[in-house]
Amino acid sequence: MKKALTILIVAIGLIFPDGTEATREDKPPANRRNFVACPIVRDTKTLPCWLAEYEGELYFLGLQGSSASEFYPPQLNHEVLVEGTVTNEPRICGGIPLRPVKISVITELNRACNTLLPAEDGREAPAAPARRFTDDMRKAGTETTQRDFTVPFDFDSDYLTFHTTRILSEAARIAKAVNAAKIEVLGYRATTWLSNGNRLMEAQTIAEKRAKKVGEILVGLGISASAVSVNWNPTPESCDGVTDPEKRRVTIRIMP
Amino acid sequence: MRNHGNPDIRLIYADGDMKQARFQRHVIRLAILIAGLGLFVMIVRRGTAGYQGTPQALQWIEAGAGGLLPAELHFENALGKLGVLNTSGPIEMKGHPFFEPLGINPRGCITCHQPAHAMSVSVDALRERWRATKGEDPIFAAVDGSNNPKLPQALESSHSLLLNRGLFRVGLQWPPRDHHGKVVQPEFSIEVVRDPTGVNLDDTYGLKGVNPTVSVFRRPRPSANLKYVMSPDDVFNIKTGVLMATDPETGKPVSMNLMADARHLTLKQQAFGAYKDHQEGRQGALPREEIEKILAFENQVYVAQSFDRWGRSLVEAGGPIGLGPKAMAEGKVHVLANNNRDPVFRVFDAWKKPDAMPKDLSLEQREFRASVARGNDVFMFRQFWIRDAAHINSIGLGNPIKRTCATCHNTQMTGQDLAPGWVDVGTTNYPTWTEPPVFSDKAELPVFKCTCDKSAPPHPYLGRVIYTNDPGRALITGKCADIGSIVMGQFRGLAARAPYFSNGSAKNLRELVDFYDRRFDMKLSEQEKVDLVNFLSVL
């Protein structure tokens, strides 16, 4: 029995090498689907749909959009970490919609992830969501009362998207407007509780990378370097299988 | 008219006024005298003030030749004529730093940026220069106009990359230097796998020399239409998610779309770099006023194809509004045009119906114009799967995306990327390059093996071991993910400056279209390919 357990632990360790903790406890809530899989892209008569399969069921992740879209699609040749909540909505492109859903492209190549399905009658894509990319998004805000900002990140990533760069711009604008005496930047590292009970931990250095990047950008946006304090917490945040994506973050606090 | 004893004429004179006949002879003699004097003045002016008159005389401008560069010129090429417009009026080339040799060798900026070749230079012109000067033209200077400065420079084979592909040697320091000249710790090691020119393994110029250098071979980019090329995007660089690089003098964001590897951020930096590297000038020896004159010239010159191959102007009332150099001079900058409201090269509807075209056009011309209009539609609206292109698929758009040529070539009037446009489209990296096998004796370009550090993010579609002819942007950033990424170039004046791609791997527009067709499995029909080629030929 001990031998079998050892083999099992080693096997799980092989599946989740770097930065992965593979202990089995309880599982996330039943309506959550947190898993790593190869993404699937399905062509349609309009926009391609992105899907992923978990335990024999197909889930709809989102539609192809643009760099200004809320949803950044996965990438073939890479696995994807899916963190979403099952809905009762009708299937889209053959998959059960997950909402909200957060996807993160796993950095390492996996050439087995290569499924592109043709368009079929009866598997239509829904209308594309309205673009948030408007002129308004490029304009600076007017209010200056906000003091705390949270910059979210994909799993194991310090890449700032079109949307998250806007958060930094706004934070810098307000810091300058209120002549902030200090700006605290704090980077975090998180863990994702997968639906199979395993925990997927972010790389050890990611909190530091995130914090330093945000700090440098704030300085680049005109904040005095002496006013910006950059810190990070190398200890991974606890996970609950629901709010884990929100914990992959950098917080900015403006102190007038 | 002279009388050669024709009695009928004598009769006429006899019947008319003999005085009038004598007067006519005087007028004719005077006219001949004036014409001769004019010819003499023209010859003298050409001798003292340089080229004046027909564009033919300006087909190749030698540095230091002087003369007047007219405000508007039209140069013949195989696909029609290229229009060149100097919006500030005629340019006196004598004493102008763009047109004069400034460094140690006798080259000027003009040497590699010729108006007849859309302010770049074509392979046909280079071959002609080799023939006409027996290889003595300064453009073949050993420093970068040959495959390797140590090769016997009198031999044509020592300049094969320039003569066959229009490529100049670009030697870049290793490890890389950032935009401030600071050494960058690269995420990858680089080794020379094949070195047909011998320069990368050379003990002076090579990777293991005293000043380790990686030599890559690239086409010169057109120094025209630069208001579009230099137009900066947002404060943030959407490709990297960090702040855009800034002009060190003004602190303002820059476009990063000027160079193939975006190493020079401003026209001023580029001018200094070209002076130092291509003209072998001394560091810091270029006066500020000369730089300003170079920049002033570059910022006012526009190029675009202006006539079709039948000699008919492409710019006609009621025709496409995006053609010709005047449209380039007048166009708005920084317009995202990957849409059907105001497309990248504007609208070609007037050319969609041959019956509605001017009546004096031949059937062939009508069909050509209709083909161009279809080609525009293919460029703008023909969808295909864009796949495994680093810095397109990897920046949040997804891999693959079902979009069009205009998705990436989205800037109105030039077809560059509105954002910093470095992309690994696959022209320089194995396995999508079009070069012969690495072991082949026919291989012309160097092959480098780049091995990325395990701790670094890999190239998103090639992993951590990449074979490449040119690491591109990665030779500046040192990033594994940037290996093979090249800043896309502008589409204007293409007919005047073959070959294409930064490594000259597409000899003509058809090869360019074929590359994309294969690379992205576009499944273009023969008609679509012809239409795309015709479309590109009029830009």
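Start by selecting the interface of chain B and chain A: the rule finds 15 residue pairs in polar contact across it, both residues at pLDDT 80 or more. A polar contact here is a pair of N or O atoms within 3.5 Å; within protein, one must be able to donate a hydrogen and the other to accept it, and residues adjacent in sequence count only if both atoms are side-chain atoms. Keep in mind that this is a predicted model, in which local features need pLDDT of at least 70 and side-chain atom pairs count only at pLDDT 80 or more, while totals for chains, interfaces and linings use all residues. Residues are numbered from 1 along each chain as its sequence is written, chains are lettered from A in the order in which they are written, and side-chain values use heavy atoms, with hydrogens and water left out.

Now colour the chain B side by element. Strand 9 (242-243) and strand 12 (401-403) are the elements that give two or more residues to the side touching chain A (strands are DSSP runs of E, at least two residues, numbered from the N terminus). Strand 12 of chain B makes the largest share, three residues. By type, that side divides into 15 nonpolar, eight polar and seven charged residues.

Next, widen the selection to everything in contact (heavy atoms within 4.5 Å): 30 residues of chain B meet 35 residues of chain A. Between them the chains bury about 2,600 Å², 53% of it on carbon and sulfur atoms; buried area is the accessible area (1.4 Å probe) that two parts lose on being put together, summed over both. Show B:Phe236, B:Trp385 and B:Lys402, which lose the most area in chain B to chain A, together 21% of what that side buries.

Zoom in on A:Glu108 and B:Arg464, whose side chains meet in a salt bridge (2.5 Å, N to O). The count between the two chains is three salt bridges, each a side-chain nitrogen of Lys or Arg within 4 Å of a carboxyl oxygen of Asp or Glu.

Leave the interface for strand 2 (residues 72-77) of chain B. B:Leu73, B:Phe75 and B:Asn77 point to one face and are buried, while B:Glu72, B:His74 and B:Glu76 point to the other and are not (buried means under 20% relative accessible area, 1.4 Å probe, protein chains only). Add strand 3 (residues 80-86) of chain B, which pairs with strand 2 in the antiparallel sense over six bridges; pairing takes at least two DSSP bridges. The two strands form a hairpin with two residues between them, and B:Leu73 stands opposite B:Val84.

Note on methods. Helices (H or I, at least four residues) and strands (E, at least two) are DSSP runs, numbered from the N terminus. Ala, Val, Leu, Ile, Met, Phe, Trp, Tyr, Cys and Pro count as nonpolar, Asp, Glu, Lys and Arg as charged, and the others, Gly among them, as polar. Buried means under 20% relative accessible area, exposed over 50%, partly exposed in between (1.4 Å probe, protein chains only).
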